[in-house]
Amino acid sequence: MINYIKIRKKTLGLIILLITSISAFSQEKIKISGKITDGKNQLIPYASVTFLNKTNSAFSDAALTDDKGEYQLQLVSGNYDITIEAIDFKTITLNKDLNVSGNSENFILTKDNTSEQSTEIQEVTLTATVKPYKVELDKRTYDPSQDIISKGGNLQDVLSNVPSVEVDTDGTVSMRGNSNIKFLINGKPSALLGIDDGADALKSIPADQIEKIEVITNPSSKYEASGTAGILNIILKKNKKTGFNGSITGNLGYLPRTSLNTNLSWRKNNWTWFLNGGGGYNRNKSENNNEYQYTSDINLLEDGQSIYRNQNGNSKGENKNYNTTAGFFVDITEKSALNASVMFRSYNNESTETINTFDRYVDSLSVNRINERNSVRINQSNRKNNSFQADLGFDQKFGDNGELLSLAASFQSSKSESFGPITEEIVYLNGDITNKFNNLLSNSNNKTFLAKADYELPIGENSKFEAGARFDLKQNDYNYFVNESKDGAPFVVLDRFTSDTYYNEKLTAAYALFKSKTNKFGYQFGLRAENSDINVRFKSLENAVTTEVKKNYTGFFPSVFLSYDLNDDSQLLLNYSRRINRPRSWFLIPFMSYSNNLSLFSGNPDLNPTYQNSFEFGYSLSKSKITFNPTLYLKKSDEVNFYQYSGLDEDGTTVLYRKPVNAGDETNYGLDINGTYDPFKWWRIMGSIDLFGYKNTGSYEGFSYNGSGFSTRFRLTNTFKPDKKTSIQIQGFYRGGEKTDSQNDKSMYAVNLGASRTILNGDGTISFNIQDVFNTRSRENTTIAPNYTQYSYMQYQPRQFSISFSYRFKQGEKVEQPKKKKENTGNFDDDEEMPPM
């Protein structure tokens with residue numbers, strides 16, 4: 001205890017030292033360098049190059065080429081109008097996104113024939129040097145193109161490397177320890193992530209289809225208020241090169257793991273067509289152990305109740321997934337754009353889980369009232385999911401000052417089916433044997449419709465008003481069926497586990513925000529209102545009466561963002577937001593699951609939403625060799641916790657029951673530090689550390705959630721480039737333990753390794769990686785209840801490795817230039833696909 005206090009005092013002292021040493025915030029900038037030549041490839045000295053930021057004129061800058069015709073400066077990433085001027089040469093203006101580039105772009109510009117002395121400006125070369133992630137006012141953006149370890153993998157693998165994001169052994173994603181994350185694809189909820197497929201859905205999105213990931217830890221009122229941990233916005237790749245372009249990536253690994261994916265685009269004039277898709281096959285295996293120990297007087301137990309139980313399980317399975325997305329973007333006029341896309345996704349999983357159980361239990365007819373039994377349970381499962389999504393968007397600009405109206409609609413459908421026979425053999429100490437056979441069938445049919453409108457009105461040069469409205473409609477149908485046969489007897493339906501549920505949710509929202517900047521002080525104030533109208537109807541065979549639960553609640557969610565520029569490179573930031581955690585649909589269904597008959601989960605129809613207040617204060621330093629981005633955060637919320645208790649089933653066997661309840665409050669605070677350091681041109685270090693404290697209070701039916709402590713999460717990635725074509729990456733991860741009155745989570749660590757090499761004149765890349773080199777990535781925890789303890793161990797995926805090959809083909813290297821100055825009105829990103837670092 002004394003050592004703990006000393007460690008906590010030292011850590012708090014470190015936080016205080018960091019706070020006092022931070023004198024400024026800075027908006028992260030990228031280094032831009034270039035050269036200007038004429039038609040004879042002669043450098044042009046003393047030319048003027050002006051960068052006009054399309055979003056905020058305060059970020060605009062200009063430079064003159066030196067006597068060698070070269071220039072350099074630093075800019076905040078964004079969209080710019082670039083103007084090149086030189087004596088006796090035509091003034092040239094073009095538009096370009098400067099953010100996640102990293103290579104040279106050549107632009108062919110026409111000669112000015114109106115002057116006899118004019119000659120052609122042959123090329124403008126822009127080179128942007130960026131870090132793997134960048135910090136903006138309200139989000140962080142992570143570029144996975146430089147992530148070697150996840151090459152050939154999927155979205156879950158990429159998220160494992162994103163700063164402030166953690167993926168648990170069972171695939172659960174969390175941000176700063178909170179798993180209540182709102183996932184978006186290209187800014188919208190998506191059937192590509194499934195409705196209730198969890199980690200399986202993340203595995204169906206290939207890593208090579210991901211352009212970038214936006215991490216929004218404290219969203220403004222413009223965003224949907226759900227997700228107390230924040231928002232992860234997955235931006236998929238698009239390409240705006242002229243002609244036909246694309247890439248194809250193949251992957252082969254162990255455990256058997258193979259995939260083939262492609263990204264294709266074709267652009268001509270105002271039209272851009274794209275097709276992304278692919279498929280994969282992989283096998284997986286996991287193991288788990290659960291140990292139950294009754295801690296009170298066994299004389300108080302009834303017959304059949306367990307004194308000690310040990311369960312060992314292992315699971316093997318294989319997955320097949322396919323997905324295709326096709327669509328187009330078109331600039332209808334200079335001020336209006338239309339985009340549309342459709343997506344199809346198919347997922348199939350076949351698995352077999354074997355659970356061996358030893359149970360020492362109370363038996364009044366036995367010696368010392370104690371008996372024993374052993375059982376082997378085999379769960380077979382075949383799960384299928386088919387999803388469809390259609391999106392339509394329209395952007396209309398008014399005037400020349402940036403006034404914009406954006407309309408979007410989306411329809412999503414997801415159908416899932418799961419079937420599996422379950423066999424179990426129970427052998428008692430006296431030699432008696434009982435055989436059970438179950439059939440389990442579940443179906444879900446989920447539909448979502450979304451419509452929204454967003455309006456932007458610039459006021460002067462430094463102010464903007466934004467407003468919008470949104471409507472979501474969700475309709476989910478769930479059907480469960482379980483029957484059983486004992487010792488060859490006829491099958492009977494298990495009424496308790498057979499049910500039908502209908503879930504309907506209507507969400508209506510509107511928001512308004514105003515942002516402005518006066519001299520060095522910037523501010524943004526926003527308010528969002530959301531009304532939730534939920535109707536749940538459920539019926540089980542155990543109770544033939546249909547029960548209906550209705551919930552209707554309205555919430556207001558303000559946000560405040562403040563900034564102060566100390567100088568051109570330093571900025572102070574402070575923000576606040578209020579968020580909501582709505583119960584997931586299956587959390588409201590009061591029926592038991594049956595995959596493990598000794599550990600049953602049920603929902604709670606009385607569950608209510610919880611609310612969170614979140615504060616952040618951050619710092620961003622960006623130099624040529626170093627970036628340093630610490631953020632102090634404080635989050636306080638009422639909580640949904642899980643109540644766990646034991647009881648007897650119909651056969652007189654001890655079962656652990658678990659359900660969500662509104663009980664307790666939680667306070668989280670900490671210092672989240674992300675940074676990079678380039679000690680040499682061939683070595684980059686990227687680190688992420690979260691020093692955090694927690695305090696939980698509350699109880700339910702004698703089950704305590706009280707607890708407080710201090711812990712850490714740490715990730716360190718080293719990237720080495722022995723030559724221009726080769727990269728080697730080593731990553732280590734550590735998560736400290738946490739402890740409350742009812743839960744004790746052990747620490748965990750893992751090491752990953754990857755390497756890549758560019759081949760075929762830069763058109764191909766071959767990569768190799770090993771996940772969990774030392775096979776240490778597992779989860780251990782102990783649950784402490786009033787009269788028993790339960791120890792749990794799980795390793796969701798053992799060590800695995802893969803090799804992948806990616807080939808990029810292109811018809812057009814040059815970005816098609818408009819015949820006259822024109823604003824880009826398409827609702828998409830202009831970033832082009834970049835090869836690995």
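This passage describes the aromatic rings of a predicted model and the charged side chains placed over some of them.

In the predicted model, 32 aromatic pairs are found. One of these is formed by Phe 51 and Tyr 71, whose ring centres lie 6.3 Å apart and whose planes meet at 45°, so that the pair is classed as tilted, the tilted class lying between the limits of 30 and 60 degrees. The two residues belong to distant parts of the chain, being 20 residues apart, with Phe 51 in strand S2 (residues 48–53) and Tyr 71 in strand S4 (residues 70–76). Phe 51 is buried, its relative accessible area being 0%, and Tyr 71, with a relative accessible area of 5%, is likewise buried.

A second pair is made by Phe 680 and Trp 682, for which the centres are separated by 5.1 Å and the planes stand at 0°, so the arrangement is stacked. Phe 680 has a relative accessibility of 44% and therefore counts as partly exposed, and Trp 682, at 43% relative accessibility, is also partly exposed, since this class covers the range between 20% and 50%.

Ring pairs also join residues into a cluster, which links Tyr 643, Tyr 645, Tyr 657, Tyr 700, Phe 703 and Tyr 705.

Besides contacts between rings, charged groups are placed over aromatic faces. Arg 713 has its charged end over the ring of Phe 692, at 3.9 Å from the ring centre, while Arg 584 lies over the face of Phe 587, with a distance of 5.8 Å to the centre of that ring.

Technical notes: Residues are numbered from 1 along each chain as its sequence is written. This is a predicted model: local features need pLDDT of at least 70, side-chain atom pairs count only at pLDDT 80 or more; totals for chains, interfaces and linings use all residues. Side-chain values use heavy atoms; hydrogens and water are left out. Rings of Phe, Tyr and Trp (its six-membered ring) pair if their centres lie within 6.5 Å; planes under 30 degrees apart count as stacked, over 60 as edge-to-face and the rest as tilted. Helices (H or I, at least four residues) and strands (E, at least two) are DSSP runs, numbered from the N terminus. Buried means under 20% relative accessible area, exposed over 50%, partly exposed in between (1.4 Å probe, protein chains only). A charge sits over a ring if NZ of Lys or CZ of Arg is within 6 Å of the ring centre and within 35 degrees of the ring normal.
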